[in-house]
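Got the viewer open? Load the model, switch on the sequence panel, and follow along stop by stop.

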Amino acid sequence: MTADPFEALVTRLSEDLDRLTDSAADLAADAHFSRFHYERIVSAVAGESPTAFRRRILLERAAYRMIHSDATLIDVALEAGFGSHAAFTRAFRRSYDATPSSWRLRPTRFQLPSPNDVHFHPPAGLRLPARTEMTSMDVVDQMVRHHVWLVDQLVARAGRLTDEQLDAPLEAPVDGIDGDSLRQLLSRLIGQMEMWLAAMHDREYDFAVERHESVASMRTRNGRVGPAFVTSVEQVARERRFDETFVDARPGVRIGA
């Protein structure tokens with residue numbers, strides 16, 4: 001068990017939210033504690049017992065399902081671990097001051113008051129508030145890493161398309177990204193990162209690589225360019241150089257650092 005057993009509980013449950021319907025005894029055994037000690041530790045950290053925590057999160061999920069799906073109330077109740085519609089109605093009325101059927105017609109905020117600020121997070125997870133302060137550098141790092149990952153995911157999915165689909169004209173342009181087809185757009189996304197690297201290391205960028213580039217080439221290139229791009233941005237962030245601007249010799253071309 002970690003130094004923060006409640007955070008460990010939230011992490012474990014967020015990976016499989018349906019485990020919330022397990023009994024407190026099962027969750028305690030899973031954490032290698034007796035139920036008595038487990039409930040005492042979690043209650044001290046969370047401000048509510050594991051049972052109260054489970055009930056609140058499951059009710060929040062049920063309330064969300066009620067306003068974002070066509071599921072029947074009995075199906076929602078069973079999913080939340082209640083054995084009957086009547087039991088679900090009693091618990092829901094105590095928490096939301098309304099019956100499930102009337103609340104569904106005039107829903108309010110689905111999140112309930114919480115001493116620990118952990119809530120159901122759609123579509124099927126939990127939100128744990130930050131325990132440490134995140135700096136602007138951390139935010140930039142996470143955004144850049146996500147961008148590289150997302151480009152890789154887009155290119156991977158493009159591998160399922162035919163050449164005709166990849167080269168079909170786009171119905172509308174994408175702001176800030178040149179390209180008249182999906183193939184050109186994806187190649188340009190990688191090219192933008194490689195242009196940054198070229199500018200940072202006083203190299204020229206060869207646009208020829210983007211001419212009818214294959215998906216296999218894009219994946220290989222992104223596998224090389226992506227990590228280098230992340231490292232380069234991290235260095236610029238550490239050195240606080242984001243206000244630099246590279247002016248290309250061609251008219252009107254600028255690459256911001």
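Start by selecting Glu-210: leaving out residues up to four places away in sequence, Glu-210 touches Ser-187, Arg-188, Gly-191, Tyr-205 and Arg-221, where contact means heavy atoms within 4.5 Å. Glu-210 sits in the loop between α10 and α11; helices here are DSSP runs of H or I with at least four residues, strands are E runs of at least two, and both are numbered from the N terminus. Is Glu-210 buried or exposed? With 13% relative accessibility, Glu-210 counts as buried (buried is under 20% relative accessible area, exposed over 50%, partly exposed in between, with a 1.4 Å probe and protein chains only).

A quick word on ground rules. This is a predicted model, in which local features need pLDDT of at least 70 and side-chain atom pairs count only at pLDDT 80 or more, while totals for chains, interfaces and linings use all residues. Residues are numbered from 1 along each chain as its sequence is written, and side-chain values use heavy atoms, with hydrogens and water left out.

Stay in that loop and click His-212, which is also placed between α10 and α11 (215-238). Its phi is positive, near 50 degrees, and His-212 is not a glycine. For context, most residues other than glycine have a negative phi. His-212 counts as exposed, at 56% relative accessibility.

Next, select Arg-183, found in helix α10. Which residues does Arg-183 contact, leaving aside neighbours within four places in sequence? They are Asp-163, Leu-166, Asp-167, His-212, Glu-213, Ser-214 and Met-218. Try a distance label from Arg-183 to Met-218: their C-alpha atoms are 9.4 Å apart, with the two positions 35 residues apart along the chain. Arg-183 is buried at 5% relative accessibility.

Now highlight the whole of α10, residues 182-200. Its 19 residues reach 28 Å from first C-alpha to last, close to the 27 Å expected at 1.5 Å a residue (the expected span being 1.5 Å times one less than the number of residues). Of those 19 residues, 16 are buried, so α10 is largely enclosed by the rest of the structure. Following α10 comes Asp-202, with a positive phi near 55 degrees.

Jump over to Arg-56 in helix α4. Arg-56 is buried, at 5% relative accessibility. Not counting residues up to four places away in sequence, Arg-56 touches Glu-48, Leu-112, Pro-113, Ser-114, Asn-116, Val-118 and His-119.

Keep α4 (residues 50-68) on screen and add α6 (residues 85-96): their axes come within 11 Å and cross at roughly 95 degrees. That makes α4 roughly perpendicular to α6, a label used for angles of 65 to 115 degrees. To see the contact, show Leu-59, Glu-60, Ala-62, Ala-63 and Met-66 of α4 with Phe-88, Ala-91, Phe-92, Ser-95 and Tyr-96 of α6.

Just past that pair, pick Asp-97 in the loop between α6 and α7 (100-105). Asp-97 has a positive phi near 55 degrees. Asp-97 is exposed, with a relative accessible area of 70%.

Finally, zoom out. The protein chain has 11 helices and 4 strands, and 38% of its 257 residues count as buried. Among contacts between residues at least 6 apart in sequence, 55% join residues at least 24 apart.

Key
Axes fitted to C-alpha atoms, helices over the stretch in contact; angles between N-to-C directions. Parallel < 35°, antiparallel > 145°, perpendicular 65-115°, else oblique.
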